[in-house]
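Here's a quick tour of a metal site and the ligand that sits beside it. Have the viewer open while you read.

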Amino acid sequence: MNYKSTILSASALLLGVFYSMAASPVPSDDNQQQYVIVLSMDGFRHDLPEHCNTPTLDSLKKAGVYTDVYPSFPANTFPNHYAMATGLYPDHHGVVNNTFYDKRAKAFRSVFSKDVLTENFWGGEPIWNTAERQGLTANIFMWPGSDILIGGHRPSKWMHYTPEPSYRERADWVIEAMTRPEEEIPHLVMWYFEEPDASLHHHGVFSKESIAQVEHIDSTLCYFFREIRRSPVFDRINFIVTADHGMTNLSEEHRLNLYNLLDTTQVIRTVPGSPFGLEVKPEYRKEALRILRRAGHLTAWAREQIPARYHYGSREDRITNIVLLPDLGWTLDYSPAPAPLKKAAAHGFDNYNPDMHMVFFASGPAFRRDYVHKSFQNNNLYLIICHLLGIEPAPNDGEWKNIRKMFHE
Ligand code: AMP
Ligand code: ZN
Ligand code: ZN
């Protein structure tokens, strides 16, 4: 069945909304402050709209700029949300994975625990602090990292993450913020959905449950884009809708147990997941790399020899001396008897593989219309927001040449 043909009328209606939005005259005074609203939909792989009924996202694509963006290494939630927020590669902002071993503290650190409050956990300057340091206001609703004091600052409005609020409720938070009296409207709003990541993990890519989640998100966005028009600054709002990484299916057939391959007396610790961290005794490292490379289904690197395009490995204190990147869809175990897989799909694979890529929609007065941009790495989001808000970026790894074509000349 061709989904797209069945939704033509809804799509046409929305397209009208977006076209009038994008066609709104850019304020006559060029110096008038613009506004930015960024939504991250966790795990929203770039090709999901092709398999789902998504009239709102389809309309958004026509009304503005579209591209598939690729994540920073490793393709996991916190390293990437914080790369988008700071413009820095995870190797530079320090959140090198959702879980890592801190050799200085001699302890595992997890983003899903109080560890996030430890000193120097987060490096760099997140965009909400850059904006507020320069006199603008940021309201950040559950973007990973936004509830933490970083460099002694936090956004004017923030909240701890909880999955409970419905997506309609979250949309209402943003609508409320943008419909205040003009002087109280925040210049930067960022918000977050934990879906479709959770459904994709549980049920697999293109499963009916994941498709239902994507369509639910799309209908929430339809509501959001209709209601946000009530904002007195609507004509000056730039919208970005994106994600942190993609997703790919796993299978029991694609598993490799390292336990049976390595001399376990030489293994100091493992940091399971994808990528898979392996700390071995220094004198065993060469031999371990030789064994692992012969095993196949993975790429094995000495920490300091990871190819430059991954921008990973300089944090000796947080990255194991061997880093293993499983081939797409493969699961690495280190156990005498691995348990059955708990997930149908996962991320954390090669960030240059298309399955890890995600959507990027941008529309509003600063953006070109109906324009497909060249793919770029997601840490450039920081520079995009600085440009839209007219603020000076802190040092970051973004490159203007990778993003400049999305803006009106
Ligand atoms: P993962 O799939 O392991 O990369 O993590 C994604 C999950 O992280 C989501 O399903 C959320 O439930 C959870 N999550 C997102 N933001 C936060 C946060 N600030 N604190 C704790 N958990 C979070
Ligand atoms: Zn994620
Ligand atoms: Zn996930």
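What follows covers the zinc site and then the shell around ligand 1.

## The zinc site

Keep in mind that this is a predicted model. The zinc ion (ligand 3) gets its protein donors from D197, which appears twice through OD, plus H201 (NE2) and H347 (NE2). These donors lie 2.1 to 2.5 Å from the ion. Along the chain, the spacing reads D-x3-H-x145-H.

So where do the two histidines come from? H201 is in helix 9 (residues 197-203), while H347 belongs to the loop between strand 16 (345-346) and strand 17 (358-363). The pair links distant parts of the chain, 146 residues apart. H201 and H347 are both buried. There's also a second metal to look at: the zinc ion (ligand 2) is 4.2 Å from the zinc ion (ligand 3).

## Around ligand 1

Now for the other ligand. The zinc donors D197, H201 and H347 turn up again among the residues surrounding ligand 1. Other members of that shell include D42, F78, N98, F112 and E194. By type, the shell has five nonpolar, four polar and three charged residues. Helix 5 (77-86) and helix 9 each supply at least two of the shell residues.

## Polar contacts and cover

Which side chains reach oxygen atoms of ligand 1? Y161 has a polar side-chain atom 2.9 Å from one, H201 has an N or O side-chain atom at 3.1 Å, and for H347 the distance is 3.3 Å. On its own, ligand 1 has 510 Å² of accessible area, and the protein covers 77% of that.

Notes: Residues are numbered from 1 along each chain as its sequence is written. Chains are lettered from A and ligands numbered from 1 in the order in which they are written. This is a predicted model: local features need pLDDT of at least 70, side-chain atom pairs count only at pLDDT 80 or more; totals for chains, interfaces and linings use all residues. Side-chain values use heavy atoms; hydrogens and water are left out. Donors are N, O and S atoms within 2.8 Å of the metal (3.2 Å for Na, K and Ca); water is not among the atoms, so sites may look incomplete. Helices (H or I, at least four residues) and strands (E, at least two) are DSSP runs, numbered from the N terminus. Buried means under 20% relative accessible area, exposed over 50%, partly exposed in between (1.4 Å probe, protein chains only). A residue is near a molecule or strand if one of its heavy atoms lies within 4 Å of it. A polar contact is a pair of N or O atoms within 3.5 Å; within protein, one must be able to donate a hydrogen and the other to accept it, and residues adjacent in sequence count only if both atoms are side-chain atoms. Accessible areas come from the Shrake-Rupley method with a 1.4 Å probe; for residues, only the protein chains shown count as cover. Ala, Val, Leu, Ile, Met, Phe, Trp, Tyr, Cys and Pro count as nonpolar, Asp, Glu, Lys and Arg as charged, and the others, Gly among them, as polar.
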